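I sat down with this model and a cup of tea to see what I could look up. Here are my notes, in the order I made them.

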Amino acid sequence: MDIPATSEQQDSILARLRAAHRAQLPSYAQRMDDLARLRAKFKQKLDEFAKAMSADFGRRSYHESMLTDGMTVLSEIDSMRSGLRRWMKPQARRADWIFLPARAELRYQPLGVVGVIAPWNYPVNLALMPLAGAIAAGNHVMLKPSEFTPRTSQLLSDLLADVFPSDRVATVLGGADVAAAFSALPFDHLFFTGSTATGKKVMQAAAANLTPVTLELGGKSPAIISPGYPIGLAAERIAAGKFLNAGQTCIAPDYVLVPEDSRDALVAALGDYVRDHYPNLRATEDYSSIVSEPHYRRLHELADEAQAAGADVRVLPDARAHDVEHRIFAPTLVTGADVEGKHDSLRVMHEEIFGPILPIVSYRKLEEALAYINDRPRPLALYHFDNDSERTRRVLDATIAGGVTVNDCVLHFAQSRLPFGGVGPAGMGQYHGHASFLAFSKVKPVFYQTRFSSMALFRPPYAKLADFLAKFLTR
């Protein structure tokens, strides 16, 4: 097993990666070969990764791991390889008419060495997807996976060492001190996925080197159910998105806005969903554990505080479903926490939950729901359930969010042709597919002058022709 890297070792690794990159920039053929070998080796080890993640969590759904950390990575690599030749070609641009017959173009160059800090909740997906994008763009990569999933992190290190030369991709293991030193390295680009609080520290560390950053953070992503939308269908899709990975998903619906007269029906439908899909919650392999004891304890603190403040806290199917020993936190609904200004003080209403607790907020008019969202920091995701296209347009126009899924949850993340990224406290920059290639490239504008230059007319000593042209061009 690899030992944690010291600050000096990290400096040395970065220097090695940078020297190799400067010595030979990755060609199209090399990038395609790197991605192909990564895909093949990763596919071979999918079962091992699923087992490692389950061991790290205590219990993690095999099928969810295959879907969220397996299929997404393979699909992303396929998208990279499919579009790479087209993406790498210089793009012609017309020169402004006054400069004709000159021409212009955009060229795409690798930045150099990209640092990637991956989180624990989807430890494979959120490590390999940005890594694949950086490789496609022609960079070398230094990866810091999460210390909360040590088995998975070690397996990632072994996989990448098997696929890439050590001067092209390197993995650094260790805890918070290693991550802090990693953030302060003078990368050509730093990509971080994690909490907003940690993202601020990462950005502050990167600022000392003026390192460009992509921050994929989180926040409180709302789901809006519009009047008339089938409550049972909305409940099924919200529950599927919320209870995936036991709610440990940055784009999970964090709270639901529902018409006042439909609140009780939504609560009942969510209860039906849990009973139907997790008939024995404590024993089923389909429901994941909370990753660590501190994370588990924090969720109980959120629910206990809400209950003490007078909110209705309902555990599904009942409180006996909680399992402290195996860190099983049962789906939990919170209603009544949004009245009398309590949402301003209760942690469950202003902190990202990152677990299977779902506050339900009722509204009378859609404008109230939109105001509720816009009074809070801009979310990473927004979900709108509505069969009225005009009303959906109003919601999309009136809100700003990192990404949106209409009539379902979380699925926009899996679209390789859609960029993914937050705004404001939810992050900055975006990736996936072509957006990843652009994020990890320098888009270099180039202007090509011809033998004849129209600018020759604007050289001193200026005369009547220059006076005429100046007046004509500034008319």
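Before hunting for patches I noted the rule: members have over 30% relative accessible area and no salt bridge, with like charges joined within 9 Å and nonpolar side chains (Val, Leu, Ile, Met, Phe, Trp, Tyr) within 5 Å. A salt bridge here is a side-chain nitrogen of Lys or Arg within 4 Å of a carboxyl oxygen of Asp or Glu. Areas come from the Shrake-Rupley method with a 1.4 Å probe, and for residues only the protein chains shown count as cover.

The model is predicted, so local features need pLDDT of at least 70 and side-chain atom pairs pLDDT 80 or more, while totals for chains, interfaces and linings use all residues. Residues are numbered from 1 along each chain as its sequence is written, and side-chain values use heavy atoms, without hydrogens or water.

**Patch.** I found Trp97, Leu100, Leu457, Leu465, Phe468, Phe472 and Leu473 forming a nonpolar surface patch, with about 700 Å² of accessible area together. I traced Leu473 to helix 16 (residues 464–473); helices are DSSP runs of H or I, at least four residues, and strands are runs of E, at least two, numbered from the N terminus. Leu473 is partly exposed, at 33% relative accessible area (buried is under 20%, exposed over 50%, partly exposed in between; 1.4 Å probe, protein chains only).

**Strand 10.** In residues 312–315, I saw Val313 and Val315 buried on one face, while Asp312 and Arg314 point to the other and are not buried. Strand 10 pairs with strand 11 (residues 332–335) in the antiparallel sense over four bridges; pairing takes at least two DSSP bridges. Val313 stands opposite Val334.
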